[in-house]
Amino acid sequence: MIHYIPNYLSNMWLRRFIIFSIISFAYGQSIHNAYGLGLISFNHNAADAAMSSRGIIPTLNQHISLSNPVTWNNLKFAYLTGNYTGNEFTSDDGENGLTGISSAQFAVPIGEKYAWGFGVKPLFNQQYLIEDDQAEFYVQDDTLITKRSVDGSGGISIFYTALRFPVSAMENIAIELDILFGSLRKDSKLSIDQSVYHFFQRHLYSGSLYKIHFSSARLNSGKYPLNIYATFGGVLNSLKLKHHSFQPFEDVNLNGYYDGEDNPSPAIIPSIEIDIYDNIFKPTELGIGFDWTLNSGLHMMLEMHNWQDTGKKNQTLYPLLSHYVNQSQQVSLSFAKFSPEIAFKLSQKMQYRGGIYLRTDKMEEKGFQVNEMGISLGFGIKFGVANNQIDFAYRHGIRSGDFIQNENIQLFTVGLQLGDLWFVKRRPK
């Protein structure tokens, strides 16, 4: 049994053995979650999910999208919204998933031409456990049984605020500022016979992005009125990573924590190593959407979106980098039957949505890509004087590619919107 690893050995051999080894099994939300910064999130509310939208076209009501601030002036009330999402990924590696609150937002119209709002939503999610096959090594007539694993949990989120205003009688713009924040905790573990060694790391993220949202009603006439929407996004301050590297140690009492019984003792370890990395995430995105009104309340929508990351990932920080998604493209076709603004019957308060989509994710490794196709369905119910609304969405997709075969994706989202009057002169009591 090994009882002590000298400092030079732990810093060189142990780190390399744990971090840069080839690992064979992955568990988590999806295999994508383990690579690079994780799996990027594009759907943030139930109305978008029901129409397979990335937030460009109107999905909540006629001419209104919670994800597109250029439409917020069409809100009749100020809305506080929240969304709860559960997803499940099924493949040959097993069945995994994650549930939780996915986003929260407050948006308020100011008159008929202006609007403002803010909220929080996820950008990247990482939650995984990767384990290697057990192996045997022969050293000086002794057999050592080893096993390696890496698990991580965390991600990057966005706090955003946006302002909407007109630029002409037919065109409007909204400017959005995104503040990035978050962290990732990683534990690389090596077992040698009865001894267990840990190497803890932590990433702290900070940065900022911008988006410009555009809408035009110049073709909103004739038998089938058409509204056009576009989104462009880029970097203000590229994502900065503050990397904390802790001393590897032998977990003598096998409790998973670094305490006085472990080796080396915490009292004699060197200071935590801190490194700063810039430009690890530099995304650009471009999307366009078309909204045709077929008849009263019935809309057909087409959306196309391209997202790309040109940031520089350090192989030391991201050993599982080769399959990181650095470009994602999607096209979707959807239909919605929206309720009228004033509705008294329950049947009039119902809203129905559905869509199909095709998505292609391209990997950091040149030539690798993953294709995804799926269908989505959903409905919403208005209630209350302020047109409060609850929405439900279900999406099913199949993902396959160079290293993923028939991964089934199921997503269920519930969204709640609660309205109230703001910036309205009240009658004196």
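**Pocket and patch: reading the labels**

User: What classes of residue make up the lining of the largest pocket?
Analyst: Happy to help! In this predicted model, the lining has 13 nonpolar, 18 polar and 5 charged residues.

User: How many residues line the largest pocket, and which lie nearest its centre?
Analyst: The lining is made by 36 residues. Nearest the centre are Ser41, Asn43, Asn87, Asn125 and Leu411. Strands that give two or more residues to this lining include E2 (39–40), E3 (78–91), E5 (114–131) and E19 (407–420). The largest share, 5 residues, comes from E4. As for the space inside, the pocket holds about 630 Å³.

User: Why is Phe181 called partly exposed?
Analyst: Let's set the value against the cut-offs. Phe181 has a relative accessible area of 38%. Buried means under 20% and exposed means over 50%, with partly exposed in between. The value of 38% falls between those limits, so Phe181 is called partly exposed.

User: What makes Phe181 fit the rule for a nonpolar patch?
Analyst: A patch residue needs over 30% relative accessible area, and Phe is on the list of nonpolar side chains that can be joined. With 38%, Phe181 passes that area cut-off. Phe181, found in strand E8, is indeed one of the residues that make the patch of about 900 Å².

User: Which elements give two or more residues to that nonpolar patch?
Analyst: They are E5, E7 and strand E8 (171–192). E5 gives the most, with 4 residues. Among the patch members are Trp116, Phe159 and Leu236.

Methods
Residues are numbered from 1 along each chain as its sequence is written. This is a predicted model: local features need pLDDT of at least 70, side-chain atom pairs count only at pLDDT 80 or more; totals for chains, interfaces and linings use all residues. Side-chain values use heavy atoms; hydrogens and water are left out. On a 1 Å grid over the protein atoms alone, a cavity is a set of points where a 1.4 Å probe fits but cannot get out, and a pocket is an open set with protein on both sides within 12 Å along at least five of seven lines; lining residues have an atom within 4 Å of a point. Grid points are joined across faces, edges and corners, and a volume is the space filled by probe spheres set on the points. Ala, Val, Leu, Ile, Met, Phe, Trp, Tyr, Cys and Pro count as nonpolar, Asp, Glu, Lys and Arg as charged, and the others, Gly among them, as polar. Patches are made of residues with over 30% relative accessible area and no salt bridge: like charges are joined within 9 Å, nonpolar side chains (Val, Leu, Ile, Met, Phe, Trp, Tyr) within 5 Å. Accessible areas come from the Shrake-Rupley method with a 1.4 Å probe; for residues, only the protein chains shown count as cover. A salt bridge is a side-chain nitrogen of Lys or Arg within 4 Å of a carboxyl oxygen of Asp or Glu. Buried means under 20% relative accessible area, exposed over 50%, partly exposed in between (1.4 Å probe, protein chains only).
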